[in-house]
Amino acid sequence: MKAKPLEKNDEKIFLSMCKDFYSSNATARKYDAKIAKRTFDYYMGKHENVMGYLLEDGETGAVIGYSLISSYWCNEDGGNIVVLDELYISPKFRHKGYAHMFLKWMQEEFANKGVFINLEVNNTNIEAKQLYSSMGFEHDAFTRDGFEVLVKTLAPIAEEKKA
């Protein structure tokens, strides 16, 4: 699995997969083409706290999915919180270990850039919850629309770094 930063020429494939993602049970909202286009354009602005990736098979180069990641500084935690906003694997590529490989890559990629990875998962998405649990993500809270917030520690909290 290879995570390739989104580029302008990826717009069509991104928007297509985004539509598929929002047609699944992964989100409570319906697909909105205007919002998806605005999101893609924002990610193309190369802001330091937003990253978009196309996920590719490491051998064939086939596009298998995408991910949107953002981050923000949290004074309480003494560092950046990395937010896995969206992770989509196309149905024909599911159950082949790609999501696991992506999460492992993400943890390595952001190990020195944040203190936690934070994500939301639909409480009824049992397979995704099992995957996240197997990767060390733990329950943090529930959102008002029934999603579970999960977190994984990447780096020691600021107080521990002083020691």
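Okay, so let's start with a charge and a ring: Lys113 lies over the face of Phe110, at 5.5 Å from the ring centre. Keep in mind that this is a predicted model, so everything I show you is computed from it.

Now, rings with rings. How many aromatic pairs does a search of the whole structure find? It comes up with 11. If you haven't met these before, a pair of aromatic rings is described by two things, the distance of the centres and the angle of the planes.

Let's take one of those pairs, Phe21 and Tyr66. Their centres are 6.3 Å apart, and there are 75 degrees between the planes. The pair counts as edge-to-face because that angle is over 60 degrees. And where do these two sit in the chain? Phe21 is in helix H1, residues 11-22, and Tyr66 is in strand S3, residues 63-74. They're 45 residues apart, so this pair links distant parts of the chain.

Are they buried or exposed? Phe21 has a relative accessible area of 8%, so it's buried. Tyr66 is at 0%, so that one is buried too.

These two also belong to a bigger group: ring pairs link Phe14, Phe21, Tyr22, Phe40, Tyr66 and Tyr88 into a cluster.

One more pair, and then I'm done: Tyr132 and Phe137. This one is edge-to-face, with 5.6 Å centre to centre and 65 degrees between the planes. Tyr132 is buried because its relative accessible area is just 9%, under the 20% cut-off. Phe137 counts as buried as well, at 6%.

Technical notes: Residues are numbered from 1 along each chain as its sequence is written. This is a predicted model: local features need pLDDT of at least 70, side-chain atom pairs count only at pLDDT 80 or more; totals for chains, interfaces and linings use all residues. Side-chain values use heavy atoms; hydrogens and water are left out. Rings of Phe, Tyr and Trp (its six-membered ring) pair if their centres lie within 6.5 Å; planes under 30 degrees apart count as stacked, over 60 as edge-to-face and the rest as tilted. Helices (H or I, at least four residues) and strands (E, at least two) are DSSP runs, numbered from the N terminus. Buried means under 20% relative accessible area, exposed over 50%, partly exposed in between (1.4 Å probe, protein chains only). A charge sits over a ring if NZ of Lys or CZ of Arg is within 6 Å of the ring centre and within 35 degrees of the ring normal.
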